[in-house]
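Biologist: Please take me on a close look at one part, the sheet and its surroundings. I am new to this, and I would like each term explained as we go.

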Amino acid sequence: MRKLFWLVVFLPLTTSADNLEVGPGMKLYLTSAGAKVLDQLVPLLPLPPSGHTACYVPTAATLDGSPPWVDEEIEAIEKTGFDVRSIDLAELAANSAAGAFTDCDVIWVGGGNTYHLLREARRSGFDDFVVKRIADGVPYVGASAGSLLLAPNIECIKYAEDPDSHFDLESYDALNVFPLVTFVHFDNPDFRDVYRKIVIDALENDVAFITLRDNQFIYVDGANWRIVDSN
């Protein structure tokens, strides 16, 4: 089992794909910890930060108030030159997301509880809206839960979430923009026992996944993608 586990860890370093279903203008930046990779991520954006607005979605983290790392991530984004507008999907009326994200040049979705984020994305209409915006070429940056939201299905990460916070979801189908489930924070020693369960579940159920360390992000440019390391 140990040899197989090591293979899964190192496989993403050489994995590639060219069959993404969204249009050629798609720009995705899927991170474990967005603030830790800004030095490499920002230069790959199709627009300069200065004079542009990044709409930041803190929803995954708002179950227990607003943890300090949310403000720290917003501050880090602002330091790059972006104007940041925070939009909590949980505070939006049903199916009203399209109107809330007017004039957003970049959509930035933060981390926290992925199931809470999925529920509110569906309720607010953010799920359909953001897929269309991604297809239109609006850059999407995901951090942790924000990256997982674009996977086909996120049932296998149930071991990483509080059992009481699954919210009776009708399904674990996510937005299905990126074809793999991104196992974020894979190098974090605090998640080692959790990932043993997640990886076994994924292998037993033929879930296609990719592992991502905190100093890495997945850069998707149209139909091509690669992992970028940030120092």
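Modeller: Let's begin with pLDDT, the predictor's confidence in each residue, from 0 to 100. The model is predicted: local features need pLDDT of at least 70, side-chain atom pairs count only at pLDDT 80 or more, and totals for chains, interfaces and linings use all residues. Residues are numbered from 1 along each chain as its sequence is written, and side-chain values use heavy atoms, leaving out hydrogens and water.

Across the chain, pLDDT averages 86, and 87% of the residues score at least 70. I will name helices (H or I, at least four residues) and strands (E, at least two), which are DSSP runs numbered from the N terminus. Among these elements, β4 has the highest mean pLDDT, 98, while helix α1 (residues 2-10) has the lowest, 32. Residues 1-20 stay under 50 in pLDDT, and the model has 29 contacts for them beyond four places in sequence; a contact means heavy atoms within 4.5 Å. Where pLDDT is low, the predicted coordinates should not be read in detail.

Now to your sheet. Two strands pair if DSSP finds at least two bridges between them. Seven strands make up an open sheet with mixed pairing, and their order is β3-β2-β4-β5-β1-β8-β9. The edges belong to β3 (83-86) and β9 (224-229); each has a single partner strand, so one side of each is left without a neighbour in the sheet. On average, neighbouring strands of this sheet are turned by 20° against each other, direction ignored. For such angles, axes are lines fitted to C-alpha atoms, for helices over the stretch in contact, and angles run from 0 to 180 degrees between N-to-C directions.

Let's zoom in on one edge. Here β2 and β3 pair in the parallel sense, over four bridges, and Ala-54 has Val-84 in β3 as its bridge partner. Helix α3 (residues 68-79) packs on the sheet, where it touches β2, β3, β4 and β5 (140-143); the direction of α3 makes about 170° with that of β2.

Strand β2 also leads us to a disulfide, meaning a pair of cysteine sulfur atoms within 2.5 Å. By this rule the count is one: Cys-55 and Cys-104, whose sulfur atoms lie 1.6 Å apart. The pair links distant parts of the chain, 49 residues apart, with Cys-55 in strand β2 (residues 53-57) and Cys-104 in the loop between α4 (97-100) and β4 (106-109). The torsion about the S-S bond of Cys-55 and Cys-104 is about -75°, so this disulfide is left-handed. Both Cys-55 and Cys-104 are buried. Buried means under 20% relative accessible area, exposed over 50%, and partly exposed in between, using a 1.4 Å probe and protein chains only.

Finally, let's look at the packing. A nonpolar core is a set of buried Ala, Val, Leu, Ile, Met, Phe, Trp, Tyr and Cys residues joined through side-chain atoms within 4.5 Å. The largest one has 54 residues, of which Phe-101, Phe-126, Tyr-140 and Phe-183 touch the most other members. Apart from that core lies another of 21 residues, including Leu-41, Leu-45, Phe-82 and Tyr-219. Leaving out residues up to four places away in sequence, the contacts of Phe-183 include Cys-156, Ile-157, Tyr-195 and Leu-212. Cys-156 counts as buried because its relative accessibility is 4%.
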